[in-house]
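Please look at the structure shown here and follow how its strands are arranged beside one another.

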Amino acid sequence: LSTKVDLLEVAAGNISIAELNSTTLQDITATAGSIVIAAGGQITSSTTVTASQNVQLDSAAIVLINGSVAAGANVTLDADSNVTINGSVTSGGNVDVQAGNNANVNTSGVIATSGGSIAIDAARNSNVSGSIGSGGGAIGVSAQNTITLSGSIDTQSGTAALTLTADADTSGGGGVVMADGSIVDATGGSILISATDDIVVSQLVTTSNVSVTSSLGAILDPS
């Protein structure tokens, strides 16, 4: 069994949905409130999920964003398995992605804030082939295994730090792999990259400090 919520708009107040199984969201709007969705199965956003305040999607399985998720305040995407973003996640506040397996910002995927922080934490791998931009907020991407980057991560303005941490739990190894042409840009903030295994570095851009540290591996060029 699953629930499909299609064209739901609340002009004043919050939207809260609890589903034991899977949920598909289409055209959900909280004009003057927050949206909170909790499901025992997969949560799929296929078109638009929009709130003037917060958006929280919490799945005991997978969170899949194929459409757009937009919040005037914070966005939280929390899944016991994968969080996959093929569409856009935009926020006037912070974006927090917690994946019990892999966190994927795919080629068509976008995460953007207007100065808020962006945090991505995966219990396995974090994969970014799309774009992440914070409008001046701090960005942190971590994985208990490996981080792969073939897209761009950019603070866009200001002096906030940009941090990539592989093997975040220091238990099983993990590296950072930047494909040729991928970009990490902290504008005027520090770039901090750490891993247990090899770190493959493409383009790192900042007017501040850069730290790249591998405890057991090498620092390599993608070519």
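The report below describes a sheet and some of its strand pairings.

## The open sheet

In this predicted model, 10 strands form an open sheet, and their pairing is parallel. The order of the strands across the sheet is β2-β4-β7-β10-β13-β16-β19-β22-β25-β28. At the edges stand β2 (15-19) and β28 (210-214), and because each of them has a single partner strand, one side of each is left without a neighbour in the sheet. From one strand to the next, the twist averages 0 degrees.

Strands of a sheet pair through backbone hydrogen bonds, and this pairing can be either parallel or antiparallel. One pairing to follow is that of strand β19 (residues 139-143) with strand β22 (residues 162-165), which run in the parallel sense and are joined over 4 bridges. Here Ser-142 has Thr-165, in β22, as its bridge partner.

## Strand β15 and its partners

Strand β15 (residues 110-113) pairs with strand β12 (residues 88-91) in the parallel sense, over 4 bridges, and within this pairing Ser-91 stands opposite Thr-113 of β15. Strand β15 is also joined by 3 bridges to strand β18 (residues 131-133), and these two strands run parallel; in this case Ala-112 stands opposite Gly-133, which belongs to β18.

## Two faces of β15

In a regular strand, the side chains alternate between the two faces of the sheet. Which residues of strand β15 lie on its covered face, and which on its uncovered one? The covered face has Ile-111 and Thr-113, whereas the uncovered face has Val-110 and Ala-112.

Technical notes. Residues numbered from 1 in each chain as written. Predicted model: local features only at pLDDT ≥ 70, side-chain atom pairs only at ≥ 80, totals over all residues. Heavy atoms only, no water. Pairing = 2+ DSSP bridges. Axes fitted to C-alpha atoms, helices over the stretch in contact; angles between N-to-C directions. Buried < 20%, exposed > 50% of the residue type's maximum accessible area, 1.4 Å probe, protein only.
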